[in-house]
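Visitor: I'd like to go through this one term by term. Could you show it to me and then let me quiz you on the labels?

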Amino acid sequence: MTNPTAEDLSVIAEQVWSSYLDLDGASPLIPMPTEKHVADVTASVSVTGAWRGHVLVSCSDAAARNVAAALLGIPFDDVAEEDVADALGELANIIGGNVKSLLPEPCALSLPHVHVEGASGRYPAVTEVCHLDGTWMDESVTVTVLESTTDLAGAPA
């Protein structure tokens with residue numbers, strides 16, 4: 001089975017940012033290693049079927065609020081906590097759908113889950129397939145693809 005690559009993830013993120021978040025062309029996602037990854041908020045979608053794993057979007061609280069402001073078309077100062085959850089969940093869903101299109105069929109995408117204070121330890125029995133570290137509006141953003149290492153019953157895949 002072919003897994004998505006870091007290059008695939010970079011292309012997907014660039015397309016999603018330019019289509020949904022960088023409407024004025026002034027604030028693209030800049031792929032670059034970050035000195036300190038900040039994961040105040042993480043949104044994820046799970047992929048099941050012929051390929052199983054997760055797509056995560058992690059970022060600082062400020063980046064999550066900027067995502068909500070951009071996606072919902074509201075001022076940054078008016079962004080509420082539920083707006084952050086909705087917008088970051090939708091961002092994970094959009095990116096996850098694009099990743100899913102690269103995977104063998106049949107595959108299904110779960111509804112998004114949003115977690116405050118990161119997601120470390122939340123995904124046991126996985127290996128990282130690829131990730132993209134970047135900055136957007138001077139804030140940390142990471143997109144990660146994890147593949148399950150066990151089957152649905154918990155046996156090694």
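**Labels and the values behind them**

Guide: Happy to. The chain has three helices and seven strands, and keep in mind that this is a predicted model. In sequence order the elements run α-β-β-β-α-α-β-β-β-β. Of the 157 residues, 41% count as buried. Among contacts with a separation of 6 or more, 64% join residues 24 or more positions apart.

Visitor: Let's start with the helix pairs. What makes α1 oblique to α3?

Guide: The axes of α1 (residues 6-21) and α3 (residues 81-100) come within 10 Å and cross at roughly 135°. Roughly perpendicular stops at 115 degrees and roughly antiparallel needs over 145, so an angle between those two limits is called oblique. That's why α1 counts as oblique to α3. The crossing of α1 past α3 is right-handed.

Visitor: Which residues make that contact?

Guide: On the α1 side they are Leu9, Ile12, Val16, Trp17, Tyr20 and Leu21, and on the α3 side Leu91, Ile94, Ile95, Asn98 and Val99. Sorted by class, the α1 contact with α3 has 10 nonpolar residues, one polar and no charged ones.

Visitor: And why are α2 and α3 called roughly perpendicular?

Guide: α2 (residues 61-72) packs on α3 at about 80°, with the axes 8 Å apart. The label covers 65 to 115 degrees, and therefore α2 and α3 are roughly perpendicular to each other. From α2, Ala64, Arg65, Val67, Ala68, Leu71 and Leu72 meet Asp83, Val84, Ala87, Leu88, Glu90 and Leu91 of α3. By class, the α2 contact with α3 has nine nonpolar, no polar and three charged residues.

Visitor: How do you know that the span of α3 agrees with what you'd expect?

Guide: At 1.5 Å a residue, the 20 residues of α3 should span 28 Å, and the end C-alpha atoms are 28 Å apart, so the two agree. α2 does well too: its 12 residues reach 16 Å from first C-alpha to last, close to the 16 Å expected. Just after α2 comes Gly73, with a positive phi near 65°.

Visitor: Which residues of those two helices are buried?

Guide: In α3 they are Asp83, Val84, Ala87, Leu88, Gly89, Leu91, Ala92, Ile94, Ile95, Gly96 and Val99. In α2 they are Ala63, Ala64, Asn66, Val67, Ala68 and Ala69. The cover over the buried residues of α2 includes α1, β2, β3, α3, β6 and β7.

Visitor: Now some single residues. Why is Val47 called buried?

Guide: Buried means under 20% relative accessible area, and Val47 has 2%, so Val47 is buried. Val47 is in strand β2 (residues 41-49). Leaving out residues up to four places away in sequence, Val47 touches Arg52, Gly53, Leu103, Cys107, Ala108 and Leu109. The C-alpha atoms of Val47 and Ser148 are 9.5 Å apart, with their positions 101 residues apart along the chain.

Visitor: What makes His131 partly exposed?

Guide: Partly exposed lies between the 20% and 50% limits, and at 33% relative accessibility His131 therefore falls in that class. His131 sits in strand β6. Apart from residues up to four places away in sequence, His131 touches Ala6, Leu9, Thr142, Val143 and Thr144. Thr5 is 126 residues away along the chain, yet the C-alpha atoms of His131 and Thr5 are separated by 8.3 Å.

Visitor: Why do Met137 and Asp138 get separate exposure labels?

Guide: Exposed means over 50%. Met137 has 41%, so Met137 is partly exposed, while Asp138 has 76% and so counts as exposed. Met137 is in the loop between β6 (126-136) and β7 (139-148), and Asp138 lies in the loop between β6 and β7.

Visitor: What is the phi of Met137, and of Asp138?

Guide: Met137 has a phi near 55°, a positive value in a residue other than glycine. Asp138 isn't a glycine either, and its phi is about 65°. Most residues other than glycine have a negative phi, so positive values are worth pointing out.

Visitor: One last label: what makes the peptide bond from Glu105 to Pro106 cis?

Guide: Its omega is near 0°. Pro106 lies in the loop between α3 and β4 (107-109).

How values were computed. Residues numbered from 1 in each chain as written. Predicted model: local features only at pLDDT ≥ 70, side-chain atom pairs only at ≥ 80, totals over all residues. Heavy atoms only, no water. Axes fitted to C-alpha atoms, helices over the stretch in contact; angles between N-to-C directions. Helix = DSSP H or I, 4+ residues; strand = E, 2+ residues; numbered from the N terminus. Parallel < 35°, antiparallel > 145°, perpendicular 65-115°, else oblique. Left-handed = near helix turned anticlockwise from the far one by under 90°. Contact = heavy atoms within 4.5 Å. Nonpolar A, V, L, I, M, F, W, Y, C, P; charged D, E, K, R; others polar. Expected span 1.5 Å × (residues − 1). Buried < 20%, exposed > 50% of the residue type's maximum accessible area, 1.4 Å probe, protein only.
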